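I opened my notebook today to look up ring contacts and helix packing. Here is what I went through, in the order I checked it.

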Amino acid sequence: MPPPETAKPNALVHERSPYLLQHAHNPVPWMPWGQEAFERARERDVPIFLSIGYATCYWCHVMERESFEDHAVARAMAERFVCVKVDREERPDIDEAYMAATQIMTGGGGWPMSVFLEPTHGRPFWAGTYFPPQPMHGRPSFLDVVVGVAQAWHEQRDEVLEQAQRLAHAVGEGLGGIAGERIDVGPQAIAQAIRTLLTMYDRTNGGFGGAPKFPQPVYLELLLTARDSADQDTRHAADTALCHTLDRMMIGGIWDHAGGGFHRYAVDATWTVPHFEKMLYDNAQLLSVYARAAALFGDAGYARVARSIVEWARREMLLPQGGYASALDAEVDGREGLNYLWNEAQVREALDAEDADLAVELYGLNRGPNFQDPHHRDEPPSNVLRLDNRLEHVAASFELKPESILERTQAINDRLLRVRNQREAPIRDDKCLAAWNAMMLHGLASAAMELKDTNMLEAAEEAARFLKENMLADDGLPLRSWRDGQAHIPGFLEDAAWYIRALAELARARIVLGQAEPKPLIDQSLQLLQRTLQVFGEPGRPGVLYDTRSHELFVRGRSTYDGATPCAHSVLLHAMAALHELAPEAGVLRMAREVLAAIAPAIAQSPLATAGSTAALLTLMRMDASFAEQAIDAELDRLRSQPQPVDEGFTPVEIYASGDRVSLGPDLPARIDLVIRIKEGWHIYAADPGGQDMPPLRVGVRGGTGVRVYADYPAGTPLAHDPSVLVHEGEIEFPIALELEGPWAGRPIIAVQYQACDDNRCLSIRTVELDVAIDRIGPGEVGVE
């Protein structure tokens, strides 16, 4: 909703970020990040209140409505702090540093992020995320936080500054990258990553891990890259996990059947109900994954998904100047997913009778709703469109040929989209980020090459022209953000790495399709690579790269682990591999080996958490036989010098339950307590370990259905050498609740899944079945706990 015309704007009104502009008419006197804000805080002797979010963040909108638009709260903030707003997408360096602090302090993270900083060095001393307007669910009200933090600043200054120093040191230890003596990695690290990933594979629903379920394209890329080097059994397992995951995603509700494009993630394990944001970076990466899989397996369905991603991106994300917008919001009119939801009556109104009958059964609308807005439970439930199986597999049940059901479903989806386009649309964050646009360029070039599609190649060429003409600084490296004809903010390593990789991929596509001369792109990429190593490198330490150009923050990050996107180091390694293939005489392989050596300790410690770099390692080994031989020999020497691996039957973890039998009835839940004892020197990952790549502690049911388990997991503690990762050590105890849910079948058994690690190695993920009998009793019977 636009602000009232009488609202006095704050300093954000002069910014370009859509997120900052959303807050420009708040009564809070927001300032953008910069020296002026810190100088003002020092002059007033007050802390900085730093609020970090992004334009399509649901809970950011909620906290704005509840607190930042409240005049009393705004006055309290203005009296006690200098208030600063940051768009995390424009400033990933700020976001990463203060998110690490938040995770260390609270055991979790998220957006909006609410952090309080001392004004001299910008070190955090207190942090949280969303705070409600009144205390609830164990969270204080935001106004109570404001008053309490200000009081501590004035009355306990020494303790506050001491805490800021400790926290800053812990963040620096975590974000500075794993340092130490040289470590060699090779096939064993790659094999460990694949083993761990296949252990995490959900054999029922596809994907890796449980709810919430993310697409995790970096894992899918690893499987695509590694399968050709694997033995027959491992290749079969990798292909099964890969294809099953791609299938379940494309039939699930995380895929927008009417309009194309993937939503951010699914809130459940079955890919049914998404968090409705659509991010350019997810779709750019998945475009490449589906196109590669289509070519590899000869799968026309995967090719249709890839082409539909392109159609969606060009229809809804492409700006007139040729760049791609960042994201589409999750909500419309304060209602999550409102634009994408349907009920049976709406579908029947949109279609003729014959198509409506097919659509209602095909998308399951005749089986009841599958979505209830968790924030507005008084509103009627509705449906997210999803299929039960691939269309060609269900055609016979509708007495249709595969080509007929595909054609009719496409016509249905086209009609539903035309009707949906008459609804109020979600807000689009129309800033262009260099890294994300380069990801899209890379995805288009990769898909053009894999699918032999010259139209996609032309779309890639358009994206390349936009970046070159609008988003480059004088030194040829990308600027971070562009909007309304102006680019600003010096780019980060991520921006440079993706741009180089995208140009190299476009050169490869030009060669494969024979459409244009690749040499100008190769030359530009090589020049940019040299400049990147110079700007982001550390003098005297070849291969050591930092995420930023400067020391503006209290810590200079050096990220080596992947998240929703692969880390910049891994992207640069893939770019270097492509350039070595294109220009083997340029000496890029030597530079790649230096970068690889600098991050090898992180790969050795957790090959799956560095999946992008692990895949790049494999690619580089394939390209150079002498490098492969050296890597194999050096890794074997290192492994021989380490303590012998523990026996597969060994586990440093013991799990106990407070009882050996529970009874459940329709209105009779049960509770038991679990105790987990972990041997000294070992740890297990917490339930919320702080990243998508760490296998979390999970309690569930296997062997049957009809029982649901709720666990009150304890918060983890920061891992000593990487405080951004949360673990458990020693002994923990927590309760679980069980209740009946759905039809009873089989023999439900309580199961605990965990992964144990010490400082040198991680054991395989283990699932332990507890010796606890679960009895089902009928209405009116008496149960004994």
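Entry 1, aromatic pairs. I counted rings of Phe, Tyr and Trp whose centres lie within 6.5 Å, and the count came to 26 aromatic pairs. Worth keeping in mind as I go: this is a predicted model.

I picked out one pair, phenylalanine 466 with tryptophan 482, and found their centres 5.1 Å apart with 85° between the planes. Planes over 60 degrees apart count as edge-to-face, so I noted this pair as edge-to-face. Where do the two partners of the pair sit in the chain? Phenylalanine 466 belongs to helix H18 (residues 454-470) and tryptophan 482 to strand S14 (residues 479-483), so the pair links distant parts of the chain, 16 residues apart.

Next I asked myself whether phenylalanine 466 is buried or exposed. Its relative accessible area is 1%, and because buried means under 20%, I wrote it down as buried. Tryptophan 482 is buried as well, at 3% relative accessibility.

Entry 2, a ring cluster. I followed ring pairs through Trp30, Phe49, Phe68, Phe81, Phe116, Trp126, Phe131 and Phe142, which they link into a cluster.

Entry 3, charges over rings. I found the charged end of arginine 88 over the ring of tyrosine 54, 5.6 Å from its centre. Arginine 157 has its charged end over the ring of tryptophan 153, 3.9 Å from the centre.

Entry 4, a helix pair. I looked at H8 (residues 187-200) and H23 (residues 611-623): their axes come within 10 Å and cross at roughly 135°. That makes the two helices oblique to each other, and H8 passes H23 in a left-handed crossing. For the contacts, I listed Pro187, Ala189, Ile190 and Ala193 from H8, meeting Thr614, Leu617, Leu618 and Met621 from H23.

Key: Residues are numbered from 1 along each chain as its sequence is written. This is a predicted model: local features need pLDDT of at least 70, side-chain atom pairs count only at pLDDT 80 or more; totals for chains, interfaces and linings use all residues. Side-chain values use heavy atoms; hydrogens and water are left out. Rings of Phe, Tyr and Trp (its six-membered ring) pair if their centres lie within 6.5 Å; planes under 30 degrees apart count as stacked, over 60 as edge-to-face and the rest as tilted. Buried means under 20% relative accessible area, exposed over 50%, partly exposed in between (1.4 Å probe, protein chains only). A charge sits over a ring if NZ of Lys or CZ of Arg is within 6 Å of the ring centre and within 35 degrees of the ring normal. Axes are lines fitted to C-alpha atoms, for helices over the stretch in contact, and angles run from 0 to 180 degrees between N-to-C directions. Angles under 35 degrees count as roughly parallel, over 145 as roughly antiparallel, 65 to 115 as roughly perpendicular and the rest as oblique. A crossing is left-handed if the near helix is turned anticlockwise from the far one by less than a right angle, and right-handed if clockwise. Contact means heavy atoms within 4.5 Å.
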